[in-house]
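User: Please take a close look at one part of this structure. Then follow the links outward from there, one step at a time.

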Amino acid sequence: MPTAPSFLYGTAWKEDRTPALTEMALRAGFRGIDTANQRRHYFEAGVGQALAAAYRAGIVTRDDLFLQTKFTYQGGQDHRLPYDPHADLTTQVAQSMASSLEHLGTDHVDSYVLHGPSSGAAWTPDDAEVWAAMVKERDAGRTRVLGVSNVSLRHLSQLEATGAAMPAFVQNRCFARAGWDRSVRAFCRERSIVYQGFSLLTANPEVFHHPFVRDIAVRTRATQAQVIFRFALAVGMLPLTGTSDPEHMTQDLASDTVTLTADEVRAIETLAG
Ligand SMILES: NC(=O)c1ccc[n+]([C@@H]2O[C@H](COP(=O)([O-])OP(=O)(O)OC[C@H]3O[C@@H](n4cnc5c(N)ncnc54)[C@H](OP(=O)(O)O)[C@@H]3O)[C@@H](O)[C@H]2O)c1
């Protein structure tokens, strides 16, 4: 598995600002980029424009980067589809991947993620078909590893029960009130799957504004956001940030320098649930 950087820059919801913000993130020092071939929320071709500009400017080379994109079912898309909606799912995965590689100007990504299973309730035969198609993409060298996103413990257990290859990454919205996705993180830890957490700040205002976190921020001369990202790193997560603010970019990358005690990490882990 390629070593992922310790922070991922998320490119969702940036529309026309995607090229400039992604390039800014690369200049700030991010080396991991998360996107998706889902025009509704992401402008993947704009990420590709930023990469091309950064290569031209000599900021990075392709080999310096960890690029992650996603396959999204039609239900999660608008009319701007990266595949033929009448094709079977296996074909849709191949078409979506080919389109992603074109958008990103590369012959492979580092991680290819199933954006979400087809049902919130269970791992379905459609998911099994898509997953098998993604494994084929990996075997063909178009991605180094695979991941799944927006999954429950039940999805993961059912995927495992099919006997298919397991993901290298799980990417979930991480709610502090659920012990920061405690059960899914434990499943991942036991199998050496890296857990990627998103919405760490926005899903958890009760922790962000908690006096305990504020006091740690004062003591460590860090921001509350840095304390939360440092906590995420301390419990083994790979955090995402999609900040549009250059100062926040620098601060987020520096959050690994914040010192938390083991007691503080344990306390934050159970602060909200
Ligand atoms: N798999 C999925 O289904 C899925 C879903 C959602 C997101 N994602 C991925 O995760 C990425 C991150 O999304 P997110 O939901 O975590 O939200 P986000 O886009 O990172 O938004 C964070 C919010 O917190 C604010 N903020 C304040 N201080 C900050 C600081 N120091 N550092 C960072 N943000 C700060 C940001 O404002 P400023 O811009 O002013 O800093 C922004 O409004 C996305 O871009 C996407 O790549 C994946």
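Analyst:
**Starting from one residue**

Leave aside the neighbours within four places in sequence, and Asn204 is in contact with Cys174, Phe175, Ala176, Trp180 and Ser199. Keep in mind that this is a predicted model. Where is Asn204 in the chain? It belongs to the loop that runs between β7 (194-198) and α7 (205-208). Is Asn204 buried or exposed? The relative accessible area of Asn204 is 0%, so this residue is buried.

One contact of Asn204 leads on to the ligand. Asn204 touches Ser199, and Ser199 is among the residues that come nearest to the ligand. The others in that group are Asp34, Gly242, Thr243 and His248, out of 26 residues around the ligand. Which polar atoms lie close by? A polar backbone atom of Ser244 sits 2.8 Å from an oxygen atom of the ligand. For a polar backbone atom of Ala12, the distance to a ligand oxygen is 3.0 Å. His115 uses its side chain: a polar atom there is 3.3 Å from an oxygen atom of the ligand. On its own, the ligand has 880 Å² of accessible area, and the protein covers 80% of it.

Now return to α7, which borders the Asn204 loop. The buried residues of α11 pack against α7, and also against α6, α8 (211-220) and α9 (224-234). Which residues of α11 are buried? They are Glu264, Val265, Ile268 and Glu269. These four span an arc of only 140 degrees around the axis, so they lie on the same side of α11. Asp263 and Arg266 are on the other side, and they are exposed.

Each side of α11 takes part in a salt bridge. Take the buried side. Glu269 is one of its residues, and its side chain meets that of Arg185 at 2.9 Å, N to O. This salt bridge links distant parts of the chain, from Glu269 in α11 (residues 262-269) to Arg185 in α6 (residues 182-190), 84 residues apart. Arg185 counts as buried because its relative accessible area is 4%, and the cut-off is under 20%.

Take the exposed side. There the side chains of Arg266 and Asp263 form a salt bridge at 2.7 Å, N to O. Why is this pair about one helical turn apart? The two residues are three places apart in helix α11, so about one turn separates them. Both Arg266 and Asp263 are exposed. Elsewhere, salt bridges that share partners join Arg62, Asp110 and Arg144 into one network.

That network deserves a step of its own. The side chains of Arg144 and Asp110 meet at 3.7 Å, N to O. This pair also joins distant parts of the chain: Asp110 is in strand β4 (residues 109-114), Arg144 is in strand β5 (residues 143-149), and 34 residues separate them. Asp110 is buried because its relative accessible area is 5%. Arg144 has 47%, so it is partly exposed. In the whole structure, a search finds 13 salt bridges.

Here is a second loop residue to set beside Asn204. Thr35 is in the loop between β2 and α2. Its relative accessible area is 1%, so Thr35 is buried. Not counting residues up to four places away in sequence, Thr35 touches Thr11, Tyr42, Glu44, Val47, Gln68, Thr69, Lys70 and Leu104. With Thr11 there is a polar contact between side chains, at 3.2 Å. Val47 is 12 residues from Thr35 along the chain, and their C-alpha atoms are separated by 7.7 Å.

Both β2 (32-34) and α2 (44-56) also meet another helix. The buried residues of α1 pack against them, as well as against β1 (8-10) and α10 (246-253). In α1 (residues 18-28), the buried residues are Thr18, Pro19, Leu21, Thr22, Glu23, Ala25 and Leu26. After α1 comes Gly29, with a positive phi near 120 degrees.

Conventions:
Residues are numbered from 1 along each chain as its sequence is written. This is a predicted model: local features need pLDDT of at least 70, side-chain atom pairs count only at pLDDT 80 or more; totals for chains, interfaces and linings use all residues. Side-chain values use heavy atoms; hydrogens and water are left out. Buried means under 20% relative accessible area, exposed over 50%, partly exposed in between (1.4 Å probe, protein chains only). Contact means heavy atoms within 4.5 Å. A salt bridge is a side-chain nitrogen of Lys or Arg within 4 Å of a carboxyl oxygen of Asp or Glu. A residue is near a molecule or strand if one of its heavy atoms lies within 4 Å of it. A polar contact is a pair of N or O atoms within 3.5 Å; within protein, one must be able to donate a hydrogen and the other to accept it, and residues adjacent in sequence count only if both atoms are side-chain atoms. Accessible areas come from the Shrake-Rupley method with a 1.4 Å probe; for residues, only the protein chains shown count as cover. The arc is that of the directions from the helix axis to the C-beta atoms.
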